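Notebook open, coffee poured. Here is what I looked up in this structure, entry by entry.

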Amino acid sequence: MVILPERPDKRIHDFGVKIQQHRAILATMPAPASRMIVTVLGSGTSQGVPMIGCTCAVCRSDDPRDKRTRSSIYVEAPTAKLLVDTTPDMRQQALREGLDHLDAVIMTHPHADHIMGFDDLRRFCDMRGGPLPLYGSASTLEQIERIFHYAFNPKKLVPGYVHVIPHVVEGPFQLGGLDLTPLPVPHGAVKTSGFLFAHQGRKLLAYLSDCAEVPAPIRELIAGVEVLIIDGLRDAPHPTHLTIGGAIEVAQAVGARRAFLTHLTHERLHVERQRQLPDGLDVAYDGMKLEFDLS
Ligand SMILES: [Zn+2]
Ligand SMILES: [Zn+2]
Ligand SMILES: [Zn+2]
């Protein structure tokens, strides 16, 4: 098998988005008000890659891009640091990326692979010296409260424990100097809230990590988005996730200038999958950074 280096022309793009790999440099820089920086904390499906007990070529791969923790992103907005989902890998993701502060947490849906790191928010509560604002749909926050009820008790703010202030969001809202719009998409028995991140009318990023399809009204909302990060589970159909082909169709139909697949299984090596994709479409990987110039 030939491992191809990534094409250098994929690193820098002419529309204000750069893919950065210099994590160490960025980690020491506070996000200036004129930038939004997005870090892919995890790009793997619910079981993660490698999968426990699997000896396939992908699970044995030495390529760091084939090590996929559960799907999540970290957004350094102009005036706030935001975490989208608290995966079972959240603690390791935070350590890996040197996260030391959060201003708010946004939840997409209450599946285990997106919420089971929730208790580890305790450290971020300690570091900020108070509760964390938590955003999500009513049904998502209800489910999280059912599991982590102790985090939702405002009368019992015990140091060292996780505490959140819930904010139900079913329509557009502002956070961290950005305009956010929930994007409800079907995902089996639940609806996932994807999110559109916009700034002064620019549709910067649409994040749709878990979806079986993208209905027409959502396609309209994200039409012309600069970057789309979208569920691209695998080739074979799945009842609750888009296939690779389905993700490509959505990316092209909405006219995303650039799109990245996330929530991937161990079906293909990163380099193999990347080779199969049309121009403008790439495979996300853990630690990948996107920088948006907002000046
Ligand atoms: Zn998921
Ligand atoms: Zn495997
Ligand atoms: Zn899910």
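Which strands do the buried residues of α7 pack against? I looked this up in what is a predicted model, and found β12 (227–231), β13 (258–262) and β14 (281–283). The buried residues of helix α7 (residues 244–253) are I244, G246, A247, I248, V250 and A251. The helix rule helps me read that list: with 3.6 residues a turn, residues three or four places apart point the same way. Just after α7 I noted G255, whose phi is positive at about 70°.

**Overview**

I stepped back to the whole chain next. I count eight helices and 15 strands in its secondary structure. Of its 295 residues, 45% are buried. Among contacts with a separation of 6 or more, 65% are between residues 24 or more positions apart.

**The seven-stranded sheet**

I then traced the sheet under α7. The sheet is open, with seven strands in the order β8-β9-β10-β11-β12-β13-β14 and mixed pairing. Its edge strands are β8 (173–175) and β14, each of which pairs on one side only. From one strand to the next, the twist averages 30°. Helix α7 packs on this sheet, touching β12, β13 and β14, and its direction makes about 155° with that of β12. I also checked one pairing inside the sheet: β11 (residues 202–208) and β12 run parallel and are joined by four bridges. There, A206 stands opposite L228 in β12.

**Around β3**

Is β3 enclosed or open to the outside? I found that five of its five residues are buried, so β3 is largely enclosed by the rest of the structure. In a regular strand, side chains alternate between the two faces of the sheet. For β3 (72–76), I see S72, Y74 and E76 pointing one way and I73 and V75 the other, with all of them buried.

I followed its partners on from there. β2 and β3 pair in the antiparallel sense over five bridges, and V40 has I73 in β3 as its bridge partner. β3 and β4 also run antiparallel, joined by four bridges, with Y74 opposite L83 in β4. A hairpin of four residues connects β3 to β4.

**Strand β15**

Which strand does M36 reach in β15's direction, and through which partner? The bridge partner of M36 is F292, in β15. Five bridges join β2 (residues 35–42) to β15, and the two run antiparallel. Along β15 (residues 289–293) I could read the alternation directly: L290 and F292 point to one face and are buried, while K289, E291 and D293 point to the other and are not.

**Backbone oddities**

I kept the last page for the backbone. Most residues other than glycine have a negative phi, and most peptide bonds are trans. Three places caught my eye against that background.

- V49 and P50 are joined by a cis peptide bond, with omega about 0°; P50 is in the loop between β2 and β3.
- D85 has a positive phi near 80° and is not a glycine. I placed D85 in the loop between β4 (81–84) and α2 (90–97). D85 counts as buried because it has 27 C-beta neighbours inside 10 Å, where 20 or more is enough.
- H263, also not a glycine, has a positive phi of about 60°. H263 sits in the loop between β13 and α8 (270–276), and is buried, with 27 other C-beta atoms within 10 Å.

Conventions: Residues are numbered from 1 along each chain as its sequence is written. Chains are lettered from A and ligands numbered from 1 in the order in which they are written. A residue is buried if 20 or more other C-beta atoms lie within 10 Å of its own, exposed if 12 or fewer, and partly exposed in between; C-beta atoms are placed from the backbone. Two strands pair if DSSP finds at least two bridges between them. Two residues are in contact if their C-beta atoms, placed from the backbone, lie within 7 Å. Axes are lines fitted to C-alpha atoms, for helices over the stretch in contact, and angles run from 0 to 180 degrees between N-to-C directions.
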